Amino acid sequence: MANHKMSPESLMMSYGYKPELSEGAIKPPVFQTSTFVFKTAEEGKAFFELAYGLREKDQDEELGLIYSRINNPNLQILEERLCLWDEADGCAMFESGMSAISTVLLEFLKPGDLLLFSSPTYGGTDHFIHHFLPKIGVHAIGFTADNTEEEIEEIIRGTGKADRLSMVYIETPANPTNTVVDIEMCARLGKKFSTPETKVNLAVDNTYMGPLWCHPLKHGADLVIYSATKYIGGHSDVIAGAVLGNAEVMQRVKVLRTFLGNMASPNTCWLLLRSLETLKVRMEAQASNAQTVADVLSKHELVNGVKYLGLLNPNSPDYEVYKKQYSSPGAMISVYIKGGEKESFCFLNNLKLFKLAVSLGGTESLAQHPCSMTHAGVSPEDKAKLEITDQLVRLSIGVENEADLIWDVNQALDAVRNMNG
Ligand SMILES: *Cc1c(COP(=O)(O)O)cnc(C)c1O
């Protein structure tokens, strides 16, 4: 027993929580408190020395509880549990995925710096990069999943600011088309452009595949980011975010979080602790359903193509990256319905079990039309380049009965057929 290493799913119910500190309650209560009482003034002083980085931690010393913007039991237990999946040194929880992303970009970029990012990215991230970062003098340049390593190097040098590259930010598989970006290749690029003074950090938005099926830190990433609103929360009832990484980068992220004050609340953390207990069973059921639904769609006469990692051709370049990086094809499907907006909308309007909503990763299946919804702001040229067409419908597959999901997509496609006579 002593040297048996438990899997993360076995530890999600108990890790990091001591019932004896909470009247023996088997589950952590919601620590709905703003501040914590110090036993002595000396103790308060010692806690602040650590919190503000005024001295190094002693061997077994832990940061004591001070104030809920800095730490809180629900926040800390959640962060410790989330670390287990990615085997990260540290984790910082945020009140949204966007606050996790914007805090990372603000901490690791300064005026004059260059950010390299993969395109497409989540709409909110794209907006922050294009509309906020220029205001603080940060330059950003994008690349797409089909660019080779050499081409990306040329893109970086072409800016004339290669010596100011300070972060590579990627999202893979890309939303909404499921194209994959090679994390190891991006880590190599980061190393190549690092200097003795500045390390080029690689941040990966792992919302689509983590924390179960992809562990970017093992492929050379420095920071992993999640919208915990998606699979981690998993019930479409909470907005939250997370950042994970080694001790050094996490110290920086947590200090900025303390001063931006965008940490997750005790109640949000409590909900996520509950969600983590079923994370693995949920995600596995979702992926299994997704493979079946993708298979059915790919054979349907009214479907023009399905982008799903479980349907990749073993001879395609994406397949190699997929096999190296992911342990499952995931539960997100992009399907092209023959016709145009009219046919796609007819399909969406006729779904009965799938709900017509944006977001993803929850227990219920969702469907949306990226071209007119999540990606409405993308320019027509980029839409064409990224294959975000009127035909595209994005499906997030839930934990429902698979026969019911198949029935639903088939009857909605029947409605499309009938509409066209
Ligand atoms: C939803 C999402 C985000 C933003 O997260 P919020 O929790 O909505 O702030 C970021 N990245 C990806 C890939 C997402 O799907």
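Me: Which atom in the side chain of Ser227 is 2.9 Å from the ligand, and what kind of ligand atom does it face?

Reply: The model is a predicted one, and in it an N or O atom in the side chain of Ser227 lies 2.9 Å from an oxygen atom of the ligand. A pair of N or O atoms is read as a polar contact when the two are within 3.5 Å of each other. Lys230 offers a further case, with a polar side-chain atom 2.7 Å from an oxygen atom of the ligand, while at Gly97 a backbone N or O atom lies 2.9 Å from an oxygen atom of the ligand.

Me: How much of the ligand does the protein bury?

Reply: Here one begins with the ligand taken alone, which exposes 380 Å², and then finds that the protein buries 94% of that area.

Me: Which residues come nearest to the ligand, and which helix gives the most to the shell around it?

Reply: There are 14 residues around the ligand, and those that come nearest are Met98, Asp205, Ser227, Thr229 and Lys230. Helix 4, which spans residues 97-108, gives the most to this shell, with three residues. Sorted by character, the residues of the shell divide into six nonpolar, five polar and three charged.

Me: In what order do the seven strands of the open sheet stand, and why is one side of strand 1 and of strand 3 left without a neighbour?

Reply: The order across the sheet is 1-7-6-5-4-2-3, and the pairing is mixed. Strand 1 (90-94) and strand 3 (139-144) stand at the edges and have a single partner strand each, so one side of each has no neighbour in the sheet. From one strand to the next, the twist averages 20°. Within this sheet, strand 2 (residues 114-119) and strand 4 (residues 165-171) pair in the parallel sense over four bridges, and Leu114 stands opposite Leu165 in strand 4.

Me: Which strands does helix 3 lie across?

Reply: Helix 3 (residues 73-86) lies across strand 1, strand 6 (223-227) and strand 7 (241-245), and its direction makes an angle of about 125° with strand 1.

Me: What is the strand order in the open sheet of five strands, and which are its edge strands?

Reply: Its order is 8-9-12-11-10, again with mixed pairing, and the edge strands, each pairing on one side only, are strand 8 (303-307) and strand 10 (355-356). Strand 9 (residues 332-337) and strand 12 (residues 392-396) pair in the antiparallel sense over five bridges, with Ile333 opposite Leu395 in strand 12. Helix 12 (residues 341-350) lies across strands 9, 10, 11 and 12, running at about 25° to strand 12.

Conventions. Residues are numbered from 1 along each chain as its sequence is written. This is a predicted model: local features need pLDDT of at least 70, side-chain atom pairs count only at pLDDT 80 or more; totals for chains, interfaces and linings use all residues. Side-chain values use heavy atoms; hydrogens and water are left out. Two strands pair if DSSP finds at least two bridges between them. Helices (H or I, at least four residues) and strands (E, at least two) are DSSP runs, numbered from the N terminus. Contact means heavy atoms within 4.5 Å. Axes are lines fitted to C-alpha atoms, for helices over the stretch in contact, and angles run from 0 to 180 degrees between N-to-C directions. A residue is near a molecule or strand if one of its heavy atoms lies within 4 Å of it. A polar contact is a pair of N or O atoms within 3.5 Å; within protein, one must be able to donate a hydrogen and the other to accept it, and residues adjacent in sequence count only if both atoms are side-chain atoms. Accessible areas come from the Shrake-Rupley method with a 1.4 Å probe; for residues, only the protein chains shown count as cover. Ala, Val, Leu, Ile, Met, Phe, Trp, Tyr, Cys and Pro count as nonpolar, Asp, Glu, Lys and Arg as charged, and the others, Gly among them, as polar.
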